[in-house]
Amino acid sequence: MGKPVKVSKRDLEYLANALKEKKPYTEMARHLKICVDTVKRILQREGLAEFEGAKYVVALSNTKNTKYWNRPCMKCKGTKSRPKWQYFCVKCKEINEQYSGLPSEWLWDD
Ligand SMILES: [Zn+2]
């Protein structure tokens, strides 16, 4: 788990079509011989579909109801509270952004 899955253009076309036909994710997964979670990730990554979790993240960053957590910063382990889903403290985030940041797929690489 966790390795970004390479999908061909053909696979993406299949997925786009399958979505239009409202095929179940389980069927897409079977067709591409990958797991359902991976299908969802690909759809999300390619902007073909949005899922609850991701919407939630976006919504949170734009609302004053932002929740906070004390999860240790992934870099310095600092536990100063920061908006939920922000994995780096403000300081590390800034440093990170200065140095080109994380690959766009990092969120999905668990
Ligand atoms: Zn930090």
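Reader: Which elements are included in what covers the buried residues of α3?
Author: This is a predicted model, in which local features need a pLDDT (the predictor's confidence in each residue, from 0 to 100) of at least 70, side-chain atom pairs count only at pLDDT 80 or more, and totals for chains, interfaces and linings use all residues. Residues are numbered from 1 along each chain as its sequence is written. Helices (H or I, at least four residues) and strands (E, at least two) are DSSP runs numbered from the N terminus, and a residue is buried if 20 or more other C-beta atoms, placed from the backbone, lie within 10 Å of its own, exposed if 12 or fewer, and partly exposed in between. In α3 the buried residues are Thr38, Val39, Arg41, Ile42 and Leu43, and what covers the buried residues of this helix includes α1 (9–20) and α2 (25–32).

Reader: Which helix gives the most to the largest nonpolar core?
Author: A nonpolar core is a set of buried Ala, Val, Leu, Ile, Met, Phe, Trp, Tyr and Cys residues joined through C-beta atoms within 7 Å. The largest one here has 5 residues, namely Leu15, Met28, Val39, Ile42 and Leu43. With 3 of these residues, the greatest contribution comes from helix α3 (residues 36–45).

Reader: Which residues does Leu43 touch, if those up to four places away in sequence are not counted?
Author: Two residues are in contact if their C-beta atoms, placed from the backbone, lie within 7 Å. Leu43 is one of the core residues, and beyond four places in sequence its contacts are Leu15, Leu48 and Ala49.

Reader: How are α2 and α3 oriented to each other: roughly parallel or roughly perpendicular?
Author: Axes are lines fitted to C-alpha atoms, for helices over the stretch in contact, and angles run from 0 to 180 degrees between N-to-C directions. Angles under 35 degrees count as roughly parallel, over 145 as roughly antiparallel, 65 to 115 as roughly perpendicular and the rest as oblique. The axes of α2 and α3 are 8 Å apart, and the packing angle is about 95°. The two helices α2 and α3 are therefore roughly perpendicular.

Reader: Which residues of α3 meet α2?
Author: From α2, the residues taking part are Tyr25, Thr26, Met28, Ala29 and Leu32. On the α3 side, they meet Val36, Val39 and Lys40.

Reader: How many residues of that contact of α2 with α3 are nonpolar?
Author: Ala, Val, Leu, Ile, Met, Phe, Trp, Tyr, Cys and Pro count as nonpolar, Asp, Glu, Lys and Arg as charged, and the others, Gly among them, as polar. In the contact of α2 with α3, 1 residue is charged, 1 is polar, and the number of nonpolar residues is 6.

Reader: Why does Lys22 count as exposed?
Author: Lys22 sits in the loop between α1 and α2, where its phi is positive, near 55°, although the residue is not a glycine. Lys22 counts as exposed because its C-beta neighbours inside 10 Å number 6.

Reader: In which helix of the protein is confidence lowest?
Author: The protein has 5 helices and 2 strands, and its average pLDDT is 77, with 68% of the residues scoring at least 70. Confidence is highest in α2, at a mean of 94, whereas the lowest mean, 51, belongs to helix α4 (residues 52–61).
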